[in-house]
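I opened the model to look up its metal sites. My notes follow in the order in which I checked things.

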Amino acid sequence: MERNYAWKKYQDNKDMKKVMDFAEGYKSFLSECKTERECCKFFEKKARDNGFISIEEAIDKGKKLKAGDRVYATNMGKEIALFVIGKEDIADGMNILGAHIDSPRLDLKQNPLYEDTGMAYLDTHYYGGIKKYQWVTMPLALHGTIAKTDGTSIDFVIGEDEEDPVFCITDLLPHLSADQLTKEAKKVIEGEDLNILVGSIPQDNNDNDKDAKATKDTVKKNILKIIIDYMNSFDKKTGNGKYEYKEEDFMSCEVEVVPAGKARDMGFDRSLILGYGHDDRVCSYPTVEAVLRAKKPRRTVCGLLVDKEEIGSVGATGMSSRFFENVVAELINLTGDYSDLYLRRALSNSYAISSDVSGGYDSIYSSAFEKNNSAYLGKGFAVNKYTGARGKSGSNDASAEYMGKIRGIFEGNDIYFQTAELGKVDQGGGGTIAYIFGNYNMNVIDGGVAVLSMHAPFEVISKVDLYEAYKAYVAFAQEA
Ligand code: MN
Ligand code: MN
């Protein structure tokens, strides 16, 4: 059962330009949005620009929702759900596209700043499944939020602008790595050693500061002063410059350390994109684009972009939270008479695609894959009937009937797709948010874009797969 390369379809027609143009929009999104908060804000703006109103506005105005209306809800700035109300009753079910907007990275600890031998560092705790050795000796940027004790908060980015400084985790020189190079790969760089070097000039001795004469931690003190200057400059931009920053503010900040730099075209033919966070923004972006395109759909269309997938979908902003269910309850209340039974019917009658990436077949590491059931870059939308590990454990296993329905939609819309599973049996595995949709008793299947070097600081995807995913989501939203 051979599947074709999707490029063939576009080579002879003008749609090749559409494939490339769609990738341009995605690249600028990926370059700008490197955290779940940034993605949430980006999608909220996009929704508002396309006629969506927030569910709070709808509730406040006592607005009665009808077919074609567009509403969204955000959750703590890290999760967003978009809905286009369909002509049919919501209790008959929705067509849901669910993706995640968190990506593997390093997070600053709550007491991160310290000095050792004349160097200042920020200590981190990694987030999600990373190969730690990949995160050293590359330029890193800080994307963060500080919540202040006066109730305000600021968002900031340092390290993306050409004028900004960047940061880095050092590695040991090969000349002295006799011991290091005999270690197992998972121990070559240890989690507790993911400390970012952030400065080396000691505090000026002539400084009037009362600590100026102190000899301890003088680099740290100098760096802290510079960090506070940075924060004040960000505050000024927001017109809220009264707050006095101090080291304790790290306690209530979320700072994500991510690879610095933009997403780039890759390859002489520019067919690929190298960038940070394709998992799972390469599915989030076309998901939102597909929902924006839905005009007076038959069934209510929903795009759900969740946080915390990379650490098990836990917590208030993860898929396991009641947020989604609560928002659907509000939606039902706004379209007619709410009842618990009505809500349960709406959820269990829904169809979902858990829009998440697949591990792309990599010929260099062929022994980890099984050739007949792998996702290939360039072969279009990758459908996983099941995910999981060690005998499908932890997976939602979509029914044959639902798989048949999905195939029918894709075939009817000339969408190039392939079926895949993650690697060889017992080689490893992974999960998605699919099983949590499944808990509502709805039909759900995994589908998304194949990625090379998944969870590495820079991952690789194919532009044609991104475009096929977009077309697959549009078709699913309209026809499921
Ligand atoms: Mn993912
Ligand atoms: Mn992942």
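I began with Asp 356, which counts as buried because its relative accessibility is 7%, under the 20% cut-off. The model is predicted, so I take these values as features of a predicted structure.

Next I listed the protein donors of the manganese ion (ligand 1). They are His 100 through NE2, Asp 279 through OD, and Asp 356, entered twice through OD, at 2.2 to 2.6 Å from the ion. I noted the sequence spacing of these donor residues as H-x178-D-x76-D. Asp 279 sits in helix H7, while Asp 356 sits in the loop between strand E14 (351-355) and strand E15 (358-359); the pair is 77 residues apart and links distant parts of the chain.

I then turned to the manganese ion (ligand 2). I found it coordinated by Asp 279 (OD), by Glu 310 (OE), entered twice, and by His 455 (NE2), at 2.0 to 2.6 Å. For this ion the donor residues are spaced D-x30-E-x144-H. I placed Asp 279 in helix H7 (residues 278-293) and Glu 310 in the loop between strand E13 (300-306) and helix H8 (323-335), so this pair ties together parts 31 residues apart in sequence.

Which residue bridges the two manganese ions, ligand 1 and ligand 2? I found that Asp 279 does, with the ions 3.4 Å apart.

Last, I checked whether Asp 279 and Glu 310 are buried or exposed. Asp 279 is buried, at a relative accessible area of 3%. Glu 310 also counts as buried, at 12% relative accessibility.

How values were computed:
Residues numbered from 1 in each chain as written. Chains lettered and ligands numbered in written order. Predicted model: local features only at pLDDT ≥ 70, side-chain atom pairs only at ≥ 80, totals over all residues. Heavy atoms only, no water. Donors = N, O, S within 2.8 Å, 3.2 Å for Na, K, Ca; no water. Helix = DSSP H or I, 4+ residues; strand = E, 2+ residues; numbered from the N terminus. Buried < 20%, exposed > 50% of the residue type's maximum accessible area, 1.4 Å probe, protein only.
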